[in-house]
Amino acid sequence: LIFADGKTVLAPIIRFRNSFIAGSVALLLITYTIIRFNVDAITSTIRHLSSRVQTVAAGHYGEKIAVTSRDEIGQLATNFNAMIDGLKERDVIRNTFGQYVDPGFARDLLKQPETGRLGGRRQQVAILMADVRGFTPMAEDLSPEATIDMLNRYFSAIIPLIRNHRGIIVDFIGDAILVFFEPMGESPQKTVRRAFQCAVDMQAAMDGLARTLGQLNFPALNIGIGIHYGTVVVGNIGSETRKKYGIVGACVNAVQRIQDQSEAGEIVVSEAAYHPISSQVVSTRTISARLKGMSTPLILYAIQPNTNAVET
């Protein structure tokens with residue numbers, strides 16, 4: 001028989017138990033700290049992403065999110081930053097389009113599936129072309145800087161008017177501007193009336209512009225405007241890397257020759273554009289013009305608003 005003190009016999013077991021408990025508590029604390037640190041980092045990134053999504057939805061992109069890891073959360077932040085870049089790029093394209101089109105009308109156009117891709121469709125539209133009379137000899141007496149300044153002031157005066165009437169600017173051709181008006185479900189009469197009213201407002205704006213240019217010692221500008229109505233091909237022209245929303249067809253060439261027949265301050269329209277609005281306008285002169293590329297003469301009308309007409 002061996003006799004020993006109980007504390008002596010149990011001492012190693014008690015030390016092992018205490019060490020095991022202390023080690024387990026320490027391991028749990030370390031594990032909790034690691035998990036809490038990682039979870040806090042993950043939840044913080046997710047909360048930040050959630051708040052940024054709401055900001056982006058409101059149209060404010062702000063700065064990119066910092067990517068601090070290579071795990072799934074880091075990949076999510078990277079993808080979010082890529083989305084921001086894509087949205088900014090899309091807005092640049094939209095804003096470029098919207099510089100020459102009323103923003104609300106631009107959004108309507110962007111809803112059409114064919115607007116964003118190459119190709120086109122046949123459509124009856126009203127086409128307007130305005131040109132500054134006598135600009136070439138006028139520009140010869142001005143410096144290049146003054147010429148551009150005068151042109152920019154002219155375009156700045158008329159572009160808002162075109163946007164107000166939901167016109168789509170196709171191109172600037174020197175001092176000339178080419179615009180078309182899509183029906184967007186309305187009658188030909190309303191489409192042509194929009195184009196005509198736009199032309200009236202453009203001619204009216206020349207008086208105010210003349211005063212501004214006079215203060216800068218620039219000569220006054222006078223424009224001739226031609227309007228035509230007919231079938232063209234409407235769509236995106238160019239390539240996948242560079243394209244514009246515009247029109248092509250014989251009517252585009254015709255409207256250029258129609259505006260050539262207009263004098264300073266005049267609005268000249270083709271028969272196709274005259275008949276839908278004949279009750280709202282007054283013809284000041286009739287022109288029989290044999291236009292280049294056309295076998296028969298065209299009947300054109302120089303028109304102005306009929307103040308006694310009843311709005312329909």
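**Figure 1. Contacts of H165 in the predicted model.** Outside its neighbours within four places in sequence, H165 is in contact with F181, R194, Q197, C198 and D201. The model shown is predicted. H165 is found in the loop between α5 and β2. Although placed in a loop, H165 is buried, with a relative accessible area of 15%; the limit for a buried residue is under 20%. Two of the contact partners listed for H165, C198 and D201, also appear among the α6 residues that meet α5.

**Figure 2. Packing of helix α5 against helix α6.** Helix α5 covers residues 144-164 and helix α6 covers residues 188-215. Their axes come within 9 Å and cross at roughly 145°. The crossing in which α5 passes α6 is right-handed. From α5, the residues taking part are M150, R153, Y154, I158, L161 and I162. They meet C198, D201, M202, A205, M206, L209, T212 and L213 of α6. By class, this contact has eleven nonpolar residues, one polar residue and two charged residues.

**Figure 3. The aromatic cluster of Y154, F155 and F172.** A search of the whole structure finds four aromatic pairs. One of them joins Y154 and F155 in a tilted arrangement, with 5.0 Å centre to centre and 45° between the planes. F155 also pairs with F172, and here the arrangement is edge-to-face, at 4.8 Å centre to centre and 70° between the planes. This second pair links distant parts of the chain, since F155 is in helix α5 and F172 in strand β2 (residues 168-173), 17 residues apart. Y154, F155 and F172 form one aromatic cluster. Within the cluster, Y154 is buried at a relative accessible area of 0%. F155 counts as buried too, at 9% relative accessibility. F172, at 29%, counts as partly exposed. Y154 is also one of the α5 residues that meet α6.

**Figure 4. R166 in the loop between α5 and β2.** R166 lies in the loop that runs between α5 and β2. The phi of R166 is near 60°, a positive value in a residue other than glycine. Most residues other than glycine have a negative phi. R166 counts as partly exposed because its relative accessible area is 30%. H165, found in the loop between α5 and β2 as well, is buried at 15%.

**Figure 5. N217 in the loop between α6 and β4.** N217 is located in the loop between α6 and β4 (223-238). This residue has a positive phi of about 65° although it is not a glycine. N217 counts as exposed because its relative accessible area is 71%, where the limit for an exposed residue is over 50%.

**Figure 6. The whole chain, as context for the close-up views.** Eight helices and eight strands make up the secondary structure elements of the chain. Of the 312 residues in the chain, 36% are buried. The accessible surface comes to about 18200 Å², and carbon and sulfur atoms account for 57% of that area. Among contacts between residues at least 6 apart in sequence, 67% join residues at least 24 apart.

Notes. Residues numbered from 1 in each chain as written. Predicted model: local features only at pLDDT ≥ 70, side-chain atom pairs only at ≥ 80, totals over all residues. Heavy atoms only, no water. Axes fitted to C-alpha atoms, helices over the stretch in contact; angles between N-to-C directions. Helix = DSSP H or I, 4+ residues; strand = E, 2+ residues; numbered from the N terminus. Left-handed = near helix turned anticlockwise from the far one by under 90°. Contact = heavy atoms within 4.5 Å. Nonpolar A, V, L, I, M, F, W, Y, C, P; charged D, E, K, R; others polar. Buried < 20%, exposed > 50% of the residue type's maximum accessible area, 1.4 Å probe, protein only. Areas by Shrake-Rupley, 256 points an atom, 1.4 Å probe, with all protein chains shown as cover. Phe/Tyr/Trp six-rings, centres within 6.5 Å; stacked < 30°, edge-to-face > 60°.
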